[in-house]
Structure formats: C-alpha cells, structure tokens
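Okay, thanks for making room for me. I'd like to walk you through one model, side chain by side chain, so please have the viewer open.

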Amino acid sequence: MAAKWVETVTGSLEQKKQYKQAKSRMDALPEPYRTVAAAYNRYLMYYGGVTEGGTMVQMFTDLADLWERAAIDGAPIGGIVGEDPIEFAETFAQAYGGKRWIDKERERLTKAVEDARKKEE
C-alpha cells in the first residue's frame, strides 16, 4: 500500500529504475561517447519536456542504445549527430510522442485568452 501512495506522489518506481539503468549504461560508455551521451541526456531532460514516464524512459533507453551501438561500431560522433548537434537532439526528441510540458502551458494560455475574451463580451 505504501508503494502505491509513493508512486502516486512521485511517479512509477519501475520507470525510475529503468531510467537509472539507461543512465548507468551511458555512464559506462568509453570516451568520447560517454561525454556526448551525458550532454544529450541533459539537453533532452530540458528540451524533451515529456510528461509521460513511459515515453521518457523509452527515449532515454533508445539514447543509451544509440551510443552503445556507436561505441561498439567505432562510429565518429559527427557521423551520428551531423553538423548541428541541436537539430539532432530536437529531431530525436520529436520522434517520441506524448504530452509535453509545453502542451500544458499552451492549453493554459489558450484558456486564459478565451476566458478574457468572454469577459469582454
């Protein structure tokens, strides 16, 4: 019962465990892949803005898979991310659907404007 209450407040404990596993996999990468994976992990935490735990876990698991495969193959970093590392990160994040924080704010803004317009009438 306590676990359900904790999960209600903090989110899925299983998803947190899966995220930590993906993060550990990225931390175990050889250089320079470890540094790049950590940078993308951080950027995606801010840019991704995913609110659904399952989607977020999948995104970071896929990120770990990508960099592990690149390290195994010895792929050059530029061959993975291309010329624009930001574009790569944002395209990667957009591949994962689901509700994002900005979606909530867009709804909030739209509602505020609609409410204000109704008061003008």
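I'll go through one helix, then the core, the aromatic rings and the charged pairs.

One thing up front: what you're looking at is a predicted model.

Let's begin with H3, which is the helix spanning residues 33-48. Which residues of H3 are buried? They are Tyr 33, Val 36, Ala 37, Tyr 40, Asn 41, Leu 44 and Gly 48. Those buried positions take up an arc of only 140 degrees around the axis, so they sit on the same side of H3. If you want the background, an α-helix has 3.6 residues a turn, so residues three or four places apart point the same way. Turn H3 around and, on the face directed away from the buried side, you find the exposed residues Arg 42 and Tyr 46.

What does the buried side pack against? The buried residues of H3 pack against H2, H4, H5 and H6, with H5 running over 77-81. And just after H3 comes Gly 49, which has a positive phi, near 55 degrees.

Now, the one in that buried list I'd like you to click on is Asn 41. Asn 41 lies in H3 and has a relative accessible area of 5%, under the 20% cut-off, so Asn 41 is buried. Which residues does Asn 41 touch, once those up to four places away in sequence are left out? Tyr 19, Lys 23, Met 26, Phe 60 and Leu 63.

Phe 60 gives you the view from the other end. Setting aside neighbours within four places in sequence, Phe 60 contacts Asn 41, and also Tyr 19, Ala 22, Met 26, Leu 44 and Met 45.

That takes us into the core. In soluble globular proteins, nonpolar side chains tend to be buried together. Here, the largest nonpolar core has 23 residues, and the ones touching the most other members are Met 26, Tyr 40, Leu 44, Met 59, Phe 60, Leu 63 and Trp 67. Which elements give two or more residues to this core? That would be H2, which is 13-27, plus H3, H4, and H6, which is 85-94. The biggest giver is H4, with 6 residues.

Okay, on to the rings. A pair of aromatic rings is described by the distance of the centres and the angle of the planes. The model has 7 aromatic pairs in total. Take Tyr 40 and Trp 67: their ring centres are 6.1 Å apart and the planes are at 25 degrees, so this pair is stacked. The pair ties together distant parts of the chain, since Tyr 40 is in H3 and Trp 67 is in H4, residues 53-73, with their positions 27 residues apart. Are these two buried or exposed? Tyr 40 is buried at 6% relative accessible area, and Trp 67 is buried at 0%.

Compare that with Phe 92 and Tyr 96, an aromatic pair that is tilted, with 5.4 Å from centre to centre and 50 degrees between the planes. Phe 92 counts as buried at 14% relative accessibility, and Tyr 96 counts as buried at 13%. Zoom out a bit and ring pairs connect Tyr 33, Tyr 40, Trp 67, Phe 88, Phe 92 and Tyr 96 into a cluster.

Last stop, the charges. Side chains of opposite charge can pair when their charged atoms come close. How many salt bridges are there? The count is 7, and I'll show you some of them.

In H2, Asp 27 and Lys 23 are 4 residues apart, about one turn of the helix. Their salt bridge has its closest N and O atoms 3.0 Å apart. Asp 27 is partly exposed at 38% relative accessibility, and Lys 23 is partly exposed at 25%.

Next, Glu 31 bridges to Arg 34, with 2.9 Å between the closest N and O atoms. Glu 31 is partly exposed at 44%, as is Arg 34 at 32%.

Then there's Asp 115 with Lys 111, at 2.7 Å from N to O. Those two are 4 residues apart in H7, residues 101-120, so about one helical turn separates them. Asp 115 is partly exposed, at 29%, and Lys 111 is partly exposed too, at 48%. Finally, Arg 25, Asp 65 and Glu 68 are joined into one network by salt bridges that share partners.

That's my tour, thanks for listening.

Technical notes: Residues are numbered from 1 along each chain as its sequence is written. This is a predicted model: local features need pLDDT of at least 70, side-chain atom pairs count only at pLDDT 80 or more; totals for chains, interfaces and linings use all residues. Side-chain values use heavy atoms; hydrogens and water are left out. Rings of Phe, Tyr and Trp (its six-membered ring) pair if their centres lie within 6.5 Å; planes under 30 degrees apart count as stacked, over 60 as edge-to-face and the rest as tilted. Buried means under 20% relative accessible area, exposed over 50%, partly exposed in between (1.4 Å probe, protein chains only). A nonpolar core is a set of buried Ala, Val, Leu, Ile, Met, Phe, Trp, Tyr and Cys residues joined through side-chain atoms within 4.5 Å. Contact means heavy atoms within 4.5 Å. A salt bridge is a side-chain nitrogen of Lys or Arg within 4 Å of a carboxyl oxygen of Asp or Glu. The arc is that of the directions from the helix axis to the C-beta atoms.
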